[in-house]
Amino acid sequence: MMEQGRPKRYFLNPWLHGHQETGDFNQDNWVGKTTELINLVTTKLPPSARDGDGGLYVGTGGIGYMFYHVSESPLFASDKEQLIQKGLEYVKAAIVFNSQNDAPMKQSDKCAFLLGPAGIYALAAVLHNAAGNISEAQHFCQLYKSLSSLCIPVDFLPCGGDELLVGRAGYLCGALWLHKVFGTPIVPIPELHKVCQSIITSGRNYAQRTKSQSPLMFAYYSTEYLGAAHGVSGILQMLMSVPGFLQSDPSAERDVRVTIDYLLGVQSLDGNFPAATDELRYKSRRPEDDLVHWCHGAPGVVYLMAKAYILWQEESYLQSCIRCADLVWEKGLLKKGPGICHGVAGNGYVFLILYRLTQNQMYLQKAQQFAQFIFSDEFQAGSRSPDTPFSLFEGLAGTVCYLSDVLQPTRAAFPFMDIF
């Protein structure tokens, strides 16, 4: 289909106007489909250190996370031990990759959660703990904890050290995940507060220097991103999630909330958010070029707005989430692939978030329909193959996580991003 002479980024939603019946979402059938995808990923990408580049995001480590994610589902309880062991095979391969590439790496680069060693340490700790290897789990927890001091200096990364993939927000994300899994802080809360304060200082400094309309603003490689992967929304989400931080610093809470309200003010009528502030000034996108991705756009910002609604119970934040979901329903069946970063599964997670937030069955049905579309002839024939087609964030490993969550929607959470 064409719009203004340009191809659309998304498939037309066959259920948008109720023109197509939905099939029965049979649990046993979808457990079988999920298992088939797991086997496909394992066959196509066996554990190997040569595939370790890209960390949890697109490397071997992300496949290890897929096995852990599925092992947490009661529907796969009989396979739990086997899933954990397979996960360990992949994370051990990622550790070998890191050790082979450790020498030339700057100390500051080790803090990267989704794209570097920190995320592999966190996953290794979790998988070893699940396997009962307590001393190994403690070893990797200690490695993760030891990195906190590296990311406290305000300008520790010249490219911009606050975002989610390589920066401070990512380090917080991993620490929060470890806290959730182990039930106790692995990185002491006072240390996390220091990291948070560095983010606040960095955001204030940059906003003042650039005369931003927002009290907090950040740049990554000189671009002021607004979305989840590299931008303001992912950073603020982590600040809000660290236990006690906002409560300990009223001025930080004020600046975070005003910044969230700034984002509310740039949400478009159709529910999306610009990828970066330059689109507000002079580079606005055409409708057919709209990015409706977790990494850039409403499918990632929705987590921030949902977290804000949970924290402050302000109706405008819930309404923002609903507008995000409405947009994703119309434009979220992406042709880029099945993944969670910029694919159908990542957009489907928006409905699972809204379901957990509102308990409205409509959102669960929409999540199921997005899962069904991934297996449709139209998607199989018309979608593009990602650069890393079996990885966690771009490929089928993330799709597996999504399918397992659709089957257990009351516990569903985008990898590492549980806001509840």
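Which exposed residues does the face of H1 turned away from its buried side carry? Keep that in mind as you open the viewer, and remember that you are looking at a predicted model.

**Stop 1: helix H1**

Select residues 27–44, which make up helix H1. Put a distance line between the C-alpha atoms at its two ends and you should get 26 Å. That agrees with what 18 residues should span at 1.5 Å a residue.

Now colour Trp30, Val31, Thr34, Leu37, Ile38, Val41 and Thr42, the buried residues of H1. They sit on the same side of the helix, because they cover an arc of only 135 degrees around the axis. The spacing fits a general rule: an α-helix has 3.6 residues a turn, so residues three or four places apart point the same way.

Turn the helix around for the answer to the opening question: the face away from the buried side carries the exposed residues Asp28, Glu36, Thr43 and Lys44.

Before leaving, zoom in on the N-terminal end of H1, where Asn26 acts as a cap. One of its side-chain oxygens lies 3.1 Å from the backbone nitrogen of Asp28.

**Stop 2: what covers H1**

Next, show helix H3 (60–71), helix H4 (80–100), helix H16 (361–374) and helix H18 (396–407). These are among the elements that cover the buried residues of H1.

Stay with H18 for a moment. Its 12 residues reach 17 Å from the first C-alpha to the last, close to the expected 16 Å. How many of the residues of H18 are buried? The count is 12 of the 12, so this helix is largely enclosed by the rest of the structure. Click along it and you will pass buried residues including Leu396, Gly398, Cys401, Tyr402, Asp405 and Leu407. To see what they pack against, display H1, H3, H15 and H16.

**Stop 3: an annotated site**

Select Cys295, Cys341 and His342 together. An unreviewed UniProt entry places the feature "binding site" at these residues. They are spread over 48 residues of sequence, yet they cluster in space, with a largest C-alpha distance of 6.6 Å.

Start with Cys295, in the loop between helix H12 (278–281) and helix H13 (298–312). Is Cys295 buried or exposed? Its relative accessible area is 7%, and the cut-off for buried is under 20%, so Cys295 is buried. Leaving aside residues up to four places away in sequence, it touches Gly227, Ala228, Ala229, Cys341 and His342.

Move on to His342, in the loop between helix H14 (315–331) and helix H15 (344–358). His342 is also buried, with a relative accessible area of 16%. With the same sequence neighbours left out, its contacts are Tyr57, His293, Cys295, Leu334, Lys336 and Glu394.

**Stop 4: two residues with positive phi**

Finish in the loop between helix H8 (189–210) and helix H9 (232–241), where you can pick Tyr221. Ser222 is found in the loop between H8 and H9 too. Why look at their backbones? Most residues other than glycine have a negative phi. Tyr221, however, has a positive phi, near 50 degrees, and Ser222 has one of about 70 degrees although it is not a glycine.

Switch on the surface here. Tyr221 counts as exposed at 58% relative accessibility, and Ser222 counts as exposed at 73%.

Terms used: Residues numbered from 1 in each chain as written. Predicted model: local features only at pLDDT ≥ 70, side-chain atom pairs only at ≥ 80, totals over all residues. Heavy atoms only, no water. UniProt positions renumbered as here; feature names shortened; annotations may be inferred. Helix = DSSP H or I, 4+ residues; strand = E, 2+ residues; numbered from the N terminus. Buried < 20%, exposed > 50% of the residue type's maximum accessible area, 1.4 Å probe, protein only. Contact = heavy atoms within 4.5 Å. Expected span 1.5 Å × (residues − 1). Arc of directions from axis to C-beta. Polar contact = N/O pair within 3.5 Å; in protein donor to acceptor, adjacent residues only side chain to side chain.
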